[in-house]
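Welcome! Please open the viewer and get ready for a short walk, one selection at a time.

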Amino acid sequence: MDLLHELTLSMIKYYQGDPKRIQHFIKVHSFAQLIGIGEKLDEKTLFTLETAALTHDIGIKLAESKFNSTNGKFQEQEGPAPAKEMLTELGFEQDVIDRVCYLIAHHHTYTNIDGIDYQILVEADFLVNLYEDNLPKKSVETALQRIFKTETGISLCKTISPVIVLDIATGLSSK
């Protein structure tokens, strides 16, 4: 049994009837995997990163029910418990569960990023959110300067963002 496959199906069931959230975590996972491979992560770190990417927003349902909010801090607060339960039921190793819960509890915290898995998770989530939230050019530029650190993530951000692509094509990009 492939654990990431089973986790993906479990997360789809968890968000049953909510295609926007399902598509969000699928996209974050795809970008995290793409960046992780591009940055040549070892197998265990990549597995942990992919697990975290699939579950990173698992706390949003509890945040909405408890606080009537999708605020990132509430997601960080509420996410580790359901993630731990789901990952334990699926048979993930304890060290992976512990790291994934840590990443979930910090994925909206952009200071003191301690680890390449954490950095890539933040970058992957940003890549998706920049598009889904239709953020203005200045926000994309700020994220590119302040958030993105990996070569693969920087390249993807520059390539994907229409405002950055336009600047690159016209020679106006600052980074």
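Start with the whole chain in cartoon view: its secondary structure amounts to eleven helices and zero strands. Keep in mind that this is a predicted model. If you color from the N terminus onward, the elements follow the order α-α-α-α-α-α-α-α-α-α-α. The chain has a radius of gyration of 16 Å, close to the 16 Å that the globule rule gives for 175 residues, so the chain is as compact as a globular protein of that length.

Next, turn the model along its principal axes. The C-alpha atoms fill a box of roughly 50 × 40 × 30 Å.

Now switch on the contacts. Among those in the chain with a separation of 6 or more, 62% join residues 24 or more positions apart.

Then show the surface. The accessible surface of the chain is about 9100 Å², and carbon and sulfur atoms hold 55% of that surface. What share of the 175 residues is buried? Buried residues account for 46% of them.

For a look inside, select Cys 101. This residue is buried, with a relative accessible area of 13%. Move on to Cys 157, which is also buried, at a relative accessible area of 1%. While you have cysteines selected, how many disulfides does the structure hold? The count is zero.

Last stop: color by charge. The chain carries 17 positive and 25 negative charges, and the mean positions of these two groups lie 7 Å apart.

Definitions and conventions: Residues are numbered from 1 along each chain as its sequence is written. This is a predicted model: local features need pLDDT of at least 70, side-chain atom pairs count only at pLDDT 80 or more; totals for chains, interfaces and linings use all residues. Side-chain values use heavy atoms; hydrogens and water are left out. A disulfide is a pair of cysteine sulfur atoms within 2.5 Å. Buried means under 20% relative accessible area, exposed over 50%, partly exposed in between (1.4 Å probe, protein chains only). Helices (H or I, at least four residues) and strands (E, at least two) are DSSP runs, numbered from the N terminus. The radius of gyration is taken over C-alpha atoms; the globule rule is 2.2 Å times the number of residues to the power 0.38. Contact means heavy atoms within 4.5 Å. Accessible areas come from the Shrake-Rupley method with a 1.4 Å probe; for residues, only the protein chains shown count as cover. Lys and Arg count as positive and Asp and Glu as negative; His and the chain ends are not counted. The place of a charge is taken as NZ of Lys, CZ of Arg, CG of Asp or CD of Glu.
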